[in-house]
Amino acid sequence: MKIHNYSAGPCILPKSVFKKAAESLVNYNESGLSIAEISHRSKEFMAVMENSVKLVKDLMKVPEGYEILFLQGGASMQFYMSGLNLLPEQGTAAYINTGTWSSKAIKEAKLLGNIHEVASSKNENFSYIPKKFDVPHNASFLHYTSNNTIFGTQFKEAPNTDLRLVCDMSSDIMTKEVDIKKYDLIYAGAQKNLGPAGVTLVIVKKDALGKTGRTIPSMLDYQVHIDKESMFNTPPCFSIYTTMLTMEWLKEIGGVEEIQKRNLTKSSLLYDEIDRNSLFEGTAKTEDRSVMNPTFILRDKLLNDEFLQRSIDAGISGIKGHRSVGGFRASMYNALDIKSVEALVNLMRDFEKSKG
Ligand SMILES: Cc1ncc(COP(=O)(O)O)c(C=O)c1O
């Protein structure tokens, strides 16, 4: 039976990527060696790293003046590392709180300076994106989470501010076009749209660095990783390799511009059904709905278990909602085919009919 993978992360990647990655795990490019058993300093792996950097630059149209890094520690490490590298000692920064991940970013940044939570949607269980906020005049940057994986909301545009932006793009990087020039820093754990877990993509503006007056431990210093081209220590070679394959796949199908169209088509299909179907309702404010992680509930909670069982029977995997929202969450990352969305929509229609 075909399984439709709606997992929130780690999550679906293209089958062709897994196939190639699996081959390379056994015999990389007919070398008789696995990609996971060669030196990260070998010319073969150096080429993987070089190509990965180039693909990020091409796909995201990264202008001159930015560096691309592949680091470890997940997006969670970046919550602290970003402040450590960009916030001067005794400095001030503005943060928008749109959910669990922003709250965690704020908690870590508070270890480093004066952190102003300038807007929050906590009062309504993070079901919307706050649009109005005032920033302190001396703030070094504004941090936000572009897509809220758990609560199913998403910034449709970057926040309107004169401040430099720092963004956690873990769950929507390379799913839509972004104007990189507005950002001093973008970071994203790979394990949604880029590749398997274990690597974190960082895009940092070079001239934003070196201004904090702090002594930064080597492993947490972007400049150290820049100087060593992401090889200060042993990088997560296999995760980076598989991320490279995923980016090659994205390039082949037409890049970010094309995938953005496909993602919008997929999310419209599902949201239209959520709105039409008398049994379901969306949990996020309509204008702020995430293209990646639609969240929805059954009006009658007593039907939850039955619908979930029917989804499993139909090969639809991973739609149980996060406990902080309840109901259902259909994570629809780049690699999820529209046919999988059609399968879910059909299931919702059949379920409505069966309840007559
Ligand atoms: C938006 C966002 N930020 C941060 C994280 C945490 O990422 P990691 O597990 O790589 O630390 C996640 C994980 O799902 C996420 O969705």
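How many bridges join β11 to strand β12, and in which sense do the two run? Three bridges join β11 to β12 (residues 295-298), and the strands run antiparallel. Strands here are DSSP runs of E with at least two residues, helices are runs of H or I with at least four, and both are numbered from the N terminus. Two strands pair if DSSP finds at least two bridges between them. Before going on, keep in mind that this is a predicted model: local features need pLDDT of at least 70, side-chain atom pairs count only at pLDDT 80 or more, and totals for chains, interfaces and linings use all residues. Residues are numbered from 1 along each chain as its sequence is written.

Let's stay with that sheet for a moment. The order is β11-β12-β14, an open sheet of three strands with antiparallel pairing. β11 (280-282) and β14 (328-329) stand at the edges with a single partner strand each, so one side of each has no neighbour in the sheet. If you want to find the β11-β12 pairing by eye, look for Glu 281, whose bridge partner in β12 is Ile 297.

Now for the other sheet. This one is open too, with seven strands in the order β2-β10-β9-β8-β5-β3-β4 and mixed pairing. Its edges are β2 (66-71) and β4 (114-120), each with a single partner strand, so one side of each is left without a neighbour. From one strand to the next, the twist averages 15°; angles run from 0 to 180 degrees between N-to-C directions, and axes are lines fitted to C-alpha atoms, for helices over the stretch in contact. Six bridges hold the antiparallel pairing of β2 with strand β10 (residues 200-205), and Tyr 66 stands opposite Lys 205 in β10.

Next, the domains. The chain splits into domain 1 (15-252) and domain 2 (255-354), with bounds that come from an automatic or database domain assignment. Their C-alpha centres lie 27 Å apart. The contact takes 24 residues from domain 1 and 23 residues from domain 2, where two residues are in contact if their C-beta atoms, placed from the backbone, lie within 7 Å. On the domain 1 side, α2 (43-60), β6 (147-148), β7 (153-154) and α6 (237-252) each supply at least two residues. That side divides into eight nonpolar, eleven polar and five charged residues; Ala, Val, Leu, Ile, Met, Phe, Trp, Tyr, Cys and Pro count as nonpolar, Asp, Glu, Lys and Arg as charged, and the others, Gly among them, as polar.

There's a helix pair to look at as well. The axes of α7 (residues 255-276) and α9 (residues 338-354) come within 10 Å and cross at roughly 0°. The two helices are therefore roughly parallel to each other, a label for angles under 35 degrees, while over 145 counts as roughly antiparallel, 65 to 115 as roughly perpendicular and the rest as oblique. Among the residues making the contact are Leu 269 and Leu 270 of α7 and Val 341 and Leu 344 of α9.

That leaves the ligand. The residues around the ligand include Gly 9, Trp 101, Asp 168 and Gly 189, with "near" meaning that a residue's C-beta atom, placed from the backbone, lies within 6 Å of the molecule or strand. Helix α3 (residues 74-86) gives the most to this shell, with three residues. Two of the shell residues are nonpolar, eight polar and one charged.

Gly 9 also has a backbone quirk: a cis peptide bond joins Gly 9 and Pro 10, with omega about -5°. Pro 10 lies in the loop between β1 (4-5) and α1 (15-26).
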